[in-house]
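Q: Could you give me a close look at the sheet in this model? I'd like to hear how its strands are ordered and paired, and what sits around them.

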Amino acid sequence: GALIVLSKGNLPKQVLQSGVQLDAEISTQLIEGVFFPKAPLHDGAMIIGNKVIKAAGCILPLSHNMNVPKSFGLRHRAALGVSERLDVQAIIVSEETGKISYAENGTIIHDISTKELESILSKTKA
């Protein structure tokens, strides 16, 4: 599974400091390494901003929305929570199913294709 937050530089410092600061170039290998099962930073969120991986293993605020489906786990609740509070985008990959979800403005789109995700992201510059 994975949880990636696309930030516009507006995340509180305590969110970034809750993980490990990386300030690394974005690469497939680094993203896969962070989210490899049992990797130390696997359970937290990766924060990307200004075309750099800022941090990984970050703890996000959870959504308290009672209408969130019970099938959603902590990754989905964290993506919703951070998108409810801040102007960010969140990409979630389910550990159990591999399905992709996208959250923005406290709304989540579940089970989207990679093409749909690319289309959404190309319309918004994070």
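A: Here's a walk through the sheet, strand by strand, followed by its surroundings.

Keep in mind that this is a predicted model. The sheet is open and has seven strands, in the order S2-S4-S3-S1-S5-S6-S7, with mixed pairing. Its edges are strand S2 (20-25) and strand S7 (107-112), each of which pairs on one side only. Going from one strand to the next, the twist averages 20 degrees.

Let's start at the S2 end. S2 pairs with S4 in the antiparallel sense, over four bridges. If you want a spot to click on, take Ala 24, whose bridge partner in S4 is Ile 53. S4 also pairs with strand S3 (residues 45-49), again in the antiparallel sense and over four bridges. Here Ala 45 stands opposite Cys 58 in S4. S3 and S4 make a hairpin with two residues between them, and Asn 50 in that turn has a positive phi of about 50 degrees. As for burial, S4 is largely enclosed by the rest of the structure, because five of its seven residues are buried.

Two loops are worth a stop while we're at S3 and S4. Ahead of S3, in the loop that comes after helix H2 (28-34), you'll find Asp 43. With a relative accessibility of 67%, Asp 43 counts as exposed, since the cut-off for that is over 50%. The side chain of Asp 43 has a polar contact of 3.2 Å with the side chain of His 42. There's also a long-range neighbour to check: the C-alpha atoms of Asp 43 and Arg 75 are 8.4 Å apart, although the two residues are separated by 32 residues along the chain.

The other loop runs between strand S4 (52-58) and helix H3 (74-85), and it holds Ser 63. Ser 63 is at 4% relative accessibility, so this residue counts as buried, the limit being under 20%. A polar atom of the Ser 63 side chain lies 3.1 Å from the backbone nitrogen of Asn 65. Leaving aside residues up to four places away in sequence, Ser 63 touches Val 68, Arg 77, Leu 80, Gly 81 and Glu 84.

Now over to S5 and beyond. Strand S5 covers residues 89-93, and Gln 89 belongs to it. Gln 89 counts as buried because its relative accessibility is 1%. The side chain of Gln 89 makes a polar contact of 2.7 Å with the side chain of Tyr 102. Helix H4 (residues 114-123) lies across strand S1 (2-7), S5, strand S6 (100-104) and S7, and it runs at about 145 degrees to S7.

Last comes the largest pocket, which takes in about 260 Å³ of space. Its lining consists of 15 residues, and those nearest the centre are Ile 4, Leu 6, Ile 26, Ile 48 and Ile 91. S1, S3 and S5 each supply at least two residues of that lining. Of the contributions to the lining, the one from S1 is the most, with four residues.

Conventions
Residues are numbered from 1 along each chain as its sequence is written. This is a predicted model: local features need pLDDT of at least 70, side-chain atom pairs count only at pLDDT 80 or more; totals for chains, interfaces and linings use all residues. Side-chain values use heavy atoms; hydrogens and water are left out. Buried means under 20% relative accessible area, exposed over 50%, partly exposed in between (1.4 Å probe, protein chains only). A polar contact is a pair of N or O atoms within 3.5 Å; within protein, one must be able to donate a hydrogen and the other to accept it, and residues adjacent in sequence count only if both atoms are side-chain atoms. Contact means heavy atoms within 4.5 Å. Two strands pair if DSSP finds at least two bridges between them. Axes are lines fitted to C-alpha atoms, for helices over the stretch in contact, and angles run from 0 to 180 degrees between N-to-C directions. On a 1 Å grid over the protein atoms alone, a cavity is a set of points where a 1.4 Å probe fits but cannot get out, and a pocket is an open set with protein on both sides within 12 Å along at least five of seven lines; lining residues have an atom within 4 Å of a point. Grid points are joined across faces, edges and corners, and a volume is the space filled by probe spheres set on the points.
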